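Trainee: Could you go through this structure with me, one question at a time, and explain each term as we meet it?

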Amino acid sequence: MSCIFFITVLSIILTVESKVCKSVDVRNTPSHISEFSDCRVIDGSLQIVLMENLDATDYINISFTELFEITEYLLIYRVMGLTTLDSIFPKLASIKGNSLFLGHSLVIYELLNLEEIGLKHLQSIENGNVKIANCPNLCYVNTINWTSLGVSLVHYNETAICSEQNCPFECRGFCWNSYTCQNTAKTRCDPSCIGCTQDFSSKHCVQCKYFNNSGTCLENCPKNKIADKHSGQCIERKDCISKNGSWTIFRNACVPKSLENAGITNSSKRKICEGMKIVNHFELEQMVNCTHINGSLEISLGGSVVLSDLERTLGKIVSISKYLKISRSHKLTSLQFFHKLRTIKGEQLWSKYYSLYIVKNQNLQQLFDKRFKLNIENGTVIFQDNPHLCPRYVDKFFNVTKIASKYEPYKFNNGHQASCIIKDMSVSIESINSTNITLSWKNESGSKTILGYTIFYTYTMGDRDLLKIKDEIGEVDGDSWSSIFVSNTSVIIENLYPYSHYAYYIKTHFLTSFENIQTPVYSFSTPPGDPTEPIGLEAEAKSDTIIELKWKIPNYINGELSYYKLAIYVQKDYLPMILQRNYCRNPFVGNGCTCLKKDILHLFLQKNVCIGQDGDHYCNDKTVYEVVEAPKSEPPKIRIHKRSVVFNSTVLRVQEFIINATDNYTLTLPVYGLEHFTMYTFYLRACNSKISENDTEHCGGPEMVSERTLKNESADIISFLSIQINKIEANISWTQPESVNSVILAYDLEYRRNIASGSISTCITSKKFDKQGYIVLQVAPGRYSVRVRALSLAGYGEYTTWHYFEIFAESSHTNHEWITGLLIFFGVIIIIVIGLVIYRRFKLAQNNDTDHLILGNHNTEMTDDEWVLDQETVEIIKDLKQNLVGMLYRKKEG
């Protein structure tokens, strides 16, 4: 605990008013973090380690509130209960990696509760790799674009089972968690900036990388000022001297007087360390600041190693009393980290002969730097079995040291796997596009038999990165290089990134020679490609004539985004389908949208094809609009006007309209001058700049959205209503609305007998009204009022004003006439009936005029001979016998 307290106090003492802190080590409890909450920059490393038996609540309100930059590395080890780093580092933007921890600038190890990294403001990791291991609940590591941060290698031991690691739609595939996007835009900031608000401006930096001179970021302060390295400011000399009396000017910088004295003392300070064998990074760390080795120094590093770590730990060594042995260090590529080594005394030799022993280093390519001066007082030197160390470097070493080895170095055992002869093979680019390149070269082998060629290539971040690669040429076993082997003198390199820089070189492999030929490092840049489609295109109707479009820039721009192309279609409502429905029997529900579904239109996005309501080609009802751009001084907007459309079969020739791109991530564009309650389909494509006049257009695929303008409240209004009275009925007609929201579906008529009584509604479909032209009301006598309104696809329009009419009752005079007519009618009927009866009887009498009665005296007895009539002419029908009247007879027909 005393050690922890000392570190904490030391850090506070070294924290100056400019909020620059020295290296910080926080352990055991997170409460110590609050002591450094005002540190803006940690000029050194930050270690947060060994916090056991904690949960997430222990980190509430605990953070490095102002921390923006760490100049060395960040190490977090065995911190329990912490679920995200976002709460601890709300502003961390840069990890410089000036000094690394075992080759890494960011190490996250054994955080058992960590669920996400969450460093949402992190913009750059300038040096070193990333190590993440033993974090069983950690997700959203693979969704971070480490390359855009500057990291070439991430060691990640993935153990978590992440069922969902989906970035938000607008994140273009890269995010810190499920709701925070990672900003992967290529920086165009001034080199003296860390983040910026305006491209290529040293006055608009989020943070100065070096020094701030009155609001302008500079790499070096002007001559009339000095550098305050603790505040990062360029200040006047008088301001340094007057700083509490404890500051002074030392080497053109304002520093505390204690540091000035430390600088003078340190220049002559020696640190003697005992000799040792270094086989891992922990032993390497023990050599920090050692200047004289009392004994021998053996180096056998089997794992990965970074040059900056070697410089930090071994770079101050001046003298070795015995011998230096470097063997089986397979990742070691250079000995330039011994830039201060001047003497190997050789008081004791390796294997009785060697004071310098360099053997079996698989990737060793270079020895000491160009200015080295090494004095070997005793013993000899051996370089053997270093397959990538070219013999010319060994010869140069012997010439500079002027030492005669007891055994001549075996040159065939050094450099036999390297291309030690650098030769231009007249490499040319035969063809190149945004993703592929074809290279060809000449055969410079002479009479030697060639096995083939290996082409090594790697992505670079620009000229500065290319210079670094050229200095490290031959380091081909790294993860950053890709290779292709061919047997002829040409190659096609595929699957490149558009609009990117690449470095490459070619090795020639001979059948019988160990000294292969290698070209210098060349470079090429792929041209721009097509951007992907805009993200999240949305349309929102703002009024009956305005639709506002909103979208985000494409996920992958693949060039310099220059402009957008917009095509606008009118999607007419399909009347035959709409009017099939009887809107009187089946009342109108909803907004009547008959637009096509998006997935149907997506089938035709690659061509400008007219789409009908049923999915077939239906061009004749299409209208295309041209766009008139607003002046650049105004916010972006579009006003459209109708123009003629030229049809060629089913393909619509569409003029696509230019909208200048901006630096905004989200763009908003209002489109004016549209028709009310009309469905519009918008096709939007992103386009990159051309690199030459002959270059083809680089436009990506379209994104489509449809939206209907709002209802026009002044439409669907009936301007004239007419009433015609026909005795006891009213014929009501009206004119159709001049302006319609899409289409009229039906009409609703409302009438009432008086104001106090309730209203009665009746409906007539538009089809029936168009055919009939009016509606008939049959009502009882009385005074009525009536009004009517139209039903369109947008809903009901406004009612007309009340119109009045009256149905009159029948008068009494009219009733008498009606009764009289009725009596006359029935009288005529009776007379006709009586006449018919009389006529019938008359006819019956005629038919019976031959029938007679024989009248006689009741008391007189008649004999058969006493007939009044001739008996021959009489036919007896019936003998009445007792009848007192007489006998009935019928005369025979003569």
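Mentor: Let us begin with a single side chain: Tyr323 has a relative accessible area of 6% and is therefore buried, where buried means under 20% relative accessible area, exposed over 50% and partly exposed in between, with a 1.4 Å probe and protein chains only. Please keep in mind that this is a predicted model, in which local features need pLDDT of at least 70 and side-chain atom pairs count only at pLDDT 80 or more, while totals for chains, interfaces and linings use all residues. Residues are numbered from 1 along each chain as its sequence is written, and side-chain values use heavy atoms, with hydrogens and water left out.

Trainee: How is the pair formed by the rings of Tyr323 and Trp350 classed?

Mentor: Rings of Phe, Tyr and Trp (its six-membered ring) pair if their centres lie within 6.5 Å, and planes under 30 degrees apart count as stacked, over 60 as edge-to-face and the rest as tilted. By this rule the count comes to 27 aromatic pairs. For Tyr323 and Trp350 the centres are 6.1 Å apart and the planes stand at 55 degrees, so the pair is tilted.

Trainee: How many residues apart are Tyr323 and Trp350, and which loops hold them?

Mentor: Helices (H or I, at least four residues) and strands (E, at least two) are DSSP runs, numbered from the N terminus. Tyr323 lies in the loop between β20 (319-320) and β21 (324-327), and Trp350 lies in the loop between β22 (343-344) and β23 (354-359). The pair thus links distant parts of the chain, which are 27 residues apart.

Trainee: Is Trp350 buried or partly exposed, and which charged end sits over its ring?

Mentor: Trp350 has 27% relative accessibility and so counts as partly exposed. A charge sits over a ring if NZ of Lys or CZ of Arg is within 6 Å of the ring centre and within 35 degrees of the ring normal. At 3.6 Å from the centre of the Trp350 ring, the charged end that sits over it is that of Lys325.

Trainee: Which strands does β2 run parallel to?

Mentor: Two strands pair if DSSP finds at least two bridges between them. Strand β1 (residues 20-27) is joined to β2 by seven bridges, with Asp25 opposite Gln47. Two bridges join β2 to strand β3 (residues 69-70), and five bridges join β2 to strand β4 (residues 74-79), where the bridge partner of Leu46 is Leu74. The strands that run parallel to β2 are β1, β3 and β4.

Trainee: Which residue in β2 has a positive phi although it is other than glycine?

Mentor: Strand β2 covers residues 41-51, and nine of its eleven residues are buried. One residue of this strand has 32% relative accessibility and so counts as partly exposed. With phi near 55 degrees, that residue is Leu50.

Trainee: Which strand gives the most to the largest nonpolar core?

Mentor: A nonpolar core is a set of buried Ala, Val, Leu, Ile, Met, Phe, Trp, Tyr and Cys residues joined through side-chain atoms within 4.5 Å. The largest has 42 residues, of which Leu46, Phe64, Phe89, Ile117 and Trp146 touch the most other members. Elements that each supply at least two residues include β1, β4 and α2 (146-149). With four residues, the strand that gives the most is β2.

Trainee: Which are the edge strands of the open sheet with the order β47-β48-β51?

Mentor: This sheet has three strands with antiparallel pairing, and neighbouring strands are turned by 25 degrees against each other on average, direction ignored (axes are lines fitted to C-alpha atoms, for helices over the stretch in contact, and angles run from 0 to 180 degrees between N-to-C directions). Strand β48 (residues 729-734) pairs with β51 over four bridges, and the bridge partner of Ile732 is Ile775. Each edge strand pairs on one side only, and they are β47 (721-726) and β51 (775-778).

Trainee: How many residues are in the hairpin that joins β27 to β28?

Mentor: Strand β27 (residues 428-432) and strand β28 (residues 437-440) pair in the antiparallel sense over four bridges, and Ile429 has Leu439 as its bridge partner. The hairpin joins the two strands through four residues.
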